[in-house]
Amino acid sequence: LVITAIGCCFNCLGLLFFPLDRRDLSIRTAFLHILANTLASGSLFVSTALRRFLEIYWADVLISALVGMFVLASAVPPMILSADCLILRVPAAKDTALKNLKKKVENHSGVVFIHSIHLWSLTSSKLVLTMRIFVADDYDPLSVKAKIRDMVMKDFQGAESVIQVLQDH
């Protein structure tokens with residue numbers, strides 16, 4: 001009981017002083033790991049006390065199962081975010097903004113058509129946008145590119161962007 005109590009106390013201290021940045025997937029999963037350790041230590045302490053002092057032997061199985069279900073349920077959202085990053089999927093929260101940006105670019109003066117546009121998560125907090133557009137011959141490609149880059153920065157603050165502008169011949 002003494003060792004489990006000490007372990008639980010140190011894990012609780014770790015949780016109290018943990019910098020919780022909800023945007024960073026690595027920080028969130030590290031926090032989840034420490035929380036799981038804390039719950040495991042606490043459940044071991046409680047189940048050992050119940051078994052030793054009250055002779056409730058089934059409590060260990062029940063408490064362990066509850067902690068396991070909580071940890072599993074808590075791990076699913078970070079796993080989904082990790083999978084989204086790995087397969088370069090457009091973040092669901094940005095899908096509408098990407099469609100709106102595409103419409104704005106298509107309607108921008110000088111733009112003939114958009115050959116390709118793609119947005120994905122490089123990390124849980126960093127977006128990358130690539131775009132290839134064709135502009136009319138009588139427009140300055142660098143001027144059009146600068147205006148489109150401003151649109152991207154306005155709609156996707158902090159996103160890395162690569163915009164290729166080609167003359168439509």
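So, Lys104: this residue is partly exposed, with a relative accessible area of 35%. Bear in mind as we go that this is a predicted model. Lys104 has a partner, Asp155, and their side chains meet in a salt bridge, 2.8 Å from N to O. What does that pair tie together? Lys104 sits in helix 4 and Asp155 in helix 5, which covers residues 141-155, so the contact links parts that are 51 residues apart in sequence.

If salt bridges are new to you, the general idea is that side chains of opposite charge can pair when their charged atoms come close.

How many salt bridges turn up in a search of the whole structure? The answer is three. You've met one of them, Lys104 with Asp155, so let's go on to Lys126 and Glu160. Their side chains meet at 3.2 Å, again counting N to O. Here Lys126 comes from the loop between strand 1 and strand 2, and Glu160 from strand 3, residues 160-167, so this pair ties together parts 34 residues apart in sequence. Are these two buried, or out in the open? Somewhere in the middle: Lys126 is partly exposed at 27% relative accessibility, and Glu160 is partly exposed too, at 43%.

Then there's Lys99 with Asp95, where the closest N and O atoms are 3.4 Å apart. This one stays inside a single helix: the two residues are four apart in helix 4, residues 95-107, so about one helical turn separates them. Asp95 is partly exposed as well, with a relative accessible area of 30%.

Okay, on to the cysteines. How many disulfides does the structure hold? Zero. Remember, a disulfide is a covalent bond between the sulfur atoms of two cysteines. So why doesn't Cys8 form one? Because the closest cysteine sulfur, in Cys12, is 4.3 Å away from the sulfur of Cys8, which is too far for a bond; the cut-off used here is 2.5 Å. Cys9 is in no disulfide either, and for Cys9 the nearest cysteine sulfur is that of Cys8, 6.1 Å away. As for its surroundings, Cys8 counts as buried, at 17% relative accessibility.

Now look at Phe10, in helix 1, which runs over residues 2-16. Is Phe10 buried or exposed? It's exposed, with a relative accessible area of 59%. Phe10 also has company: together with Val2, Ile3, Ile6, Leu13, Leu16 and Phe17, it forms a nonpolar patch on the surface. Taken together, those residues have about 840 Å² of accessible area.

Next, pockets. The largest pocket holds about 340 Å³ of space. Which residues lie nearest its centre? Those are Pro91, Lys94, Ser121, Ser124 and Leu127, out of 17 lining residues. And which element gives the most to the lining? That's helix 3, residues 59-86, with three residues.

One last stop, His118. You'll find it in strand 1, which covers residues 111-121. His118 is partly exposed, at 32% relative accessible area. If you want to place it against something else, try Ala97: the two residues are 21 apart along the chain, and their C-alpha atoms are separated by 12 Å.

Key
Residues are numbered from 1 along each chain as its sequence is written. This is a predicted model: local features need pLDDT of at least 70, side-chain atom pairs count only at pLDDT 80 or more; totals for chains, interfaces and linings use all residues. Side-chain values use heavy atoms; hydrogens and water are left out. Buried means under 20% relative accessible area, exposed over 50%, partly exposed in between (1.4 Å probe, protein chains only). Patches are made of residues with over 30% relative accessible area and no salt bridge: like charges are joined within 9 Å, nonpolar side chains (Val, Leu, Ile, Met, Phe, Trp, Tyr) within 5 Å. Accessible areas come from the Shrake-Rupley method with a 1.4 Å probe; for residues, only the protein chains shown count as cover. A salt bridge is a side-chain nitrogen of Lys or Arg within 4 Å of a carboxyl oxygen of Asp or Glu. On a 1 Å grid over the protein atoms alone, a cavity is a set of points where a 1.4 Å probe fits but cannot get out, and a pocket is an open set with protein on both sides within 12 Å along at least five of seven lines; lining residues have an atom within 4 Å of a point. Grid points are joined across faces, edges and corners, and a volume is the space filled by probe spheres set on the points.
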